[in-house]
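Me: Please take one part of this model and go through it closely. I want the side-chain contacts, with the cut-offs stated as you go.

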Amino acid sequence: TSLPSRTLRTTLTRARPTHAPTAHTGRTSVDMATEQKKEAFRKYLESAGVIDSLTKVLVSLYEEPDKPATAIDFLKANLGGPTPAEFEALTEEKNALAAELETCKKELTEAQAKIEALEGAGEAQDEETPAE
């Protein structure tokens, strides 16, 4: 091993906390704060149902007799997300519906303009016809 990488490895393995350990636990205040954050995050994931969902999907992957080539795609599919093919199809459908919506809006505007023109022509004709 070269000298720089050995020195770096030694430096990393000798890293010391910057704060003195507390008397009763031997842990530093930084370690305790980090542990509290981890515990709060774990509780958040648990209350949101993330832990249960991940556990179920991982168990189903474990029990899968024919392991998929890409585990991440298995996880995505079983967590309820669309597969890449489904995502592409949904994107195409969304684009088609957006184009159809624009066409409908344009047709509606044209129809409203025709109605206004006909109503205007009808009112003008009523004004020209003498009252009986």
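Reply: A charge sits over a ring if NZ of Lys or CZ of Arg is within 6 Å of the ring centre and within 35 degrees of the ring normal. Lys 67 and Tyr 62 give such a contact: the charged end of Lys 67 lies 6.0 Å from the centre of the Tyr 62 ring.

The model is predicted, so local features need pLDDT of at least 70 and side-chain atom pairs pLDDT 80 or more, while totals for chains, interfaces and linings use all residues. Numbering starts from 1 along each chain as its sequence is written, and side-chain values use heavy atoms, without hydrogens or water.

First, the setting. The protein chain has five helices and zero strands (DSSP runs numbered from the N terminus: H or I of at least four residues, E of at least two). Read from the N terminus, the order is α-α-α-α-α. Of its 132 residues, 4% are buried (under 20% relative accessible area; exposed is over 50%, partly exposed in between). The accessible surface of the chain is about 11600 Å² (Shrake-Rupley, 1.4 Å probe; for residues, only the protein chains shown count as cover). Carbon and sulfur atoms account for 59% of that surface.

Now the part to look at: helix H2, residues 29-47. Start with its charged side chains. Side chains of opposite charge can pair when their charged atoms come close. The whole structure holds four salt bridges (a side-chain nitrogen of Lys or Arg within 4 Å of a carboxyl oxygen of Asp or Glu). Arg 42 takes part in a bridge with Glu 39, at 2.6 Å from N to O. Arg 42 also meets Glu 46, again at 2.6 Å, N to O.

Why can Arg 42 face both? Glu 39 is three residues from Arg 42 in helix H2, so about one helical turn separates the two. Glu 46 is four residues from Arg 42 in helix H2, and that spacing too is about one helical turn. The side chains keep some access to solvent. Arg 42 is partly exposed at 36%. Glu 39 is partly exposed at 33%, and Glu 46 is partly exposed at 46%.

Helix H5 offers another bridge, between Glu 102 and Lys 105, at 3.9 Å from N to O. These residues are three apart, so about one helical turn lies between them. Glu 102 is partly exposed at 48%, and Lys 105 is partly exposed at 45%. Back in H2, shared partners join Glu 39, Arg 42 and Glu 46 into one network.

Helix H2 also carries aromatic side chains. A search of the whole structure finds one aromatic pair (ring centres within 6.5 Å; stacked under 30 degrees, edge-to-face over 60, tilted for the rest; for Trp, the six-membered ring counts). Phe 41 and Tyr 44 form that pair, tilted, 6.1 Å centre to centre with 35° between the planes. They are three residues apart in H2, so about one helical turn separates them. Phe 41 is partly exposed at 48%, whereas Tyr 44 is exposed at 52%.

Beyond H2 there is a nonpolar surface patch of about 320 Å² (residues over 30% relative accessible area without a salt bridge, nonpolar side chains of Val, Leu, Ile, Met, Phe, Trp and Tyr joined within 5 Å, like charges within 9 Å). Val 50, Leu 54, Leu 58 and Leu 79 make this patch. Leu 79 sits in the loop between helix H4 (71-78) and helix H5 (84-128). Leu 79 is partly exposed at 46%.

Terms used. Buried means under 20% relative accessible area, exposed over 50%, partly exposed in between (1.4 Å probe, protein chains only).
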